[in-house]
Amino acid sequence: MGRFQFLEAVLSLGIIAGMLCIAGNVQYQIHKAAHGGPKHIGNDMWDVAMERRDKKIVDDKLYPVSN
């Protein structure tokens with residue numbers, strides 16, 4: 001009877017791990033549906049500003065304004 005006591009812990013840990021996986025996947029799917037792609041890790045205000053700056057520089061090089 002004592003040799004199956006570890007199953008109590010394994011069952012609880014399995015439920016916790018499963019719920020964490022489900023929660024993470026739900027967040028991923030909601031963000032993907034809302035924004036059209038996966039979330040970029042470490043994408044803060046600085047990164048967004050640099051992406052805008054880079055896009056503006058590339059657009060200016062590809063499509064120069066003629067006066």
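**Figure 1. Tyr28 in helix α1 and its spacing from Lys39.** In this predicted model, Y28 is found in helix α1, the helix that covers residues 6–35. With a relative accessible area of 36%, Y28 is partly exposed, a class that lies between the limits of 20% for buried and 50% for exposed. The view also takes in K39, which is eleven residues away from Y28 in sequence, while the C-alpha atoms of Y28 and K39 are 7.5 Å apart in space.

**Figure 2. A nonpolar surface patch that includes Met19.** Six side chains are shown here, those of L11, I15, M19, I22, V26 and I30, and together these residues make a nonpolar surface patch of about 600 Å². One of them, M19, lies in helix α1 (residues 6–35). M19 has a relative accessible area of 52% and counts as exposed, because the class of exposed residues begins over 50%.

**Figure 3. Asp47 in helix α2, viewed together with Met19.** D47 has its place in helix α2, which is made of residues 45–62, whereas M19 belongs to helix α1. The two residues are 28 positions apart in sequence, and their C-alpha atoms are separated by 32 Å in space. D47 counts as partly exposed at a relative accessibility of 27%, whereas M19, at 52%, is exposed.

**Figure 4. The salt bridge between Arg53 and Asp54.** The structure holds two salt bridges, and the one in this view is formed by D54 with R53, with 2.7 Å between the closest N and O atoms. Both partners retain some accessible surface: D54 is partly exposed with a relative accessible area of 35%, and R53 is likewise partly exposed, at 43% relative accessibility.

**Figure 5. The salt bridge between Lys55 and Asp59.** The side chains of K55 and D59 meet in a salt bridge, at a distance of 3.4 Å from N to O. Both residues lie in helix α2, where the four residues that separate them in sequence correspond to about one turn of the helix. The partners fall into separate accessibility classes, since K55 is exposed with a relative accessible area of 55%, whereas D59 counts as partly exposed at 29%.

**Figure 6. Asp60 in helix α2 and its distance from Trp46.** D60 has its place in helix α2 and is partly exposed, with a relative accessible area of 44%. W46 is included in the view for its spacing from D60: the two residues are 14 positions apart along the chain, and 21 Å separates their C-alpha atoms.

**Figure 7. Gly2 in the segment before helix α1, with Ala49 for reference.** G2 is found in the segment that comes before α1, and at 52% relative accessibility G2 counts as exposed. Between the C-alpha atoms of G2 and A49, which are 47 residues apart along the chain, the separation is 61 Å.

**Figure 8. The whole protein chain, as context for the close-up views.** The secondary structure of the protein chain comes to two helices and zero strands. The radius of gyration of the chain is 24 Å, well over the 11 Å that the globule rule gives for 67 residues, so the chain is more spread out than a compact globule. Along the principal axes, the C-alpha atoms fill a box of roughly 90 × 20 × 15 Å. Buried residues make up 1% of the 67 residues, and the accessible surface of the chain comes to about 6,600 Å², of which 65% belongs to carbon and sulfur atoms. The chain carries 8 positive and 7 negative charges, and the mean positions of these two groups are 3 Å apart.

Terms used:
Residues are numbered from 1 along each chain as its sequence is written. This is a predicted model: local features need pLDDT of at least 70, side-chain atom pairs count only at pLDDT 80 or more; totals for chains, interfaces and linings use all residues. Side-chain values use heavy atoms; hydrogens and water are left out. The radius of gyration is taken over C-alpha atoms; the globule rule is 2.2 Å times the number of residues to the power 0.38. Buried means under 20% relative accessible area, exposed over 50%, partly exposed in between (1.4 Å probe, protein chains only). Accessible areas come from the Shrake-Rupley method with a 1.4 Å probe; for residues, only the protein chains shown count as cover. Lys and Arg count as positive and Asp and Glu as negative; His and the chain ends are not counted. The place of a charge is taken as NZ of Lys, CZ of Arg, CG of Asp or CD of Glu. Patches are made of residues with over 30% relative accessible area and no salt bridge: like charges are joined within 9 Å, nonpolar side chains (Val, Leu, Ile, Met, Phe, Trp, Tyr) within 5 Å. A salt bridge is a side-chain nitrogen of Lys or Arg within 4 Å of a carboxyl oxygen of Asp or Glu.
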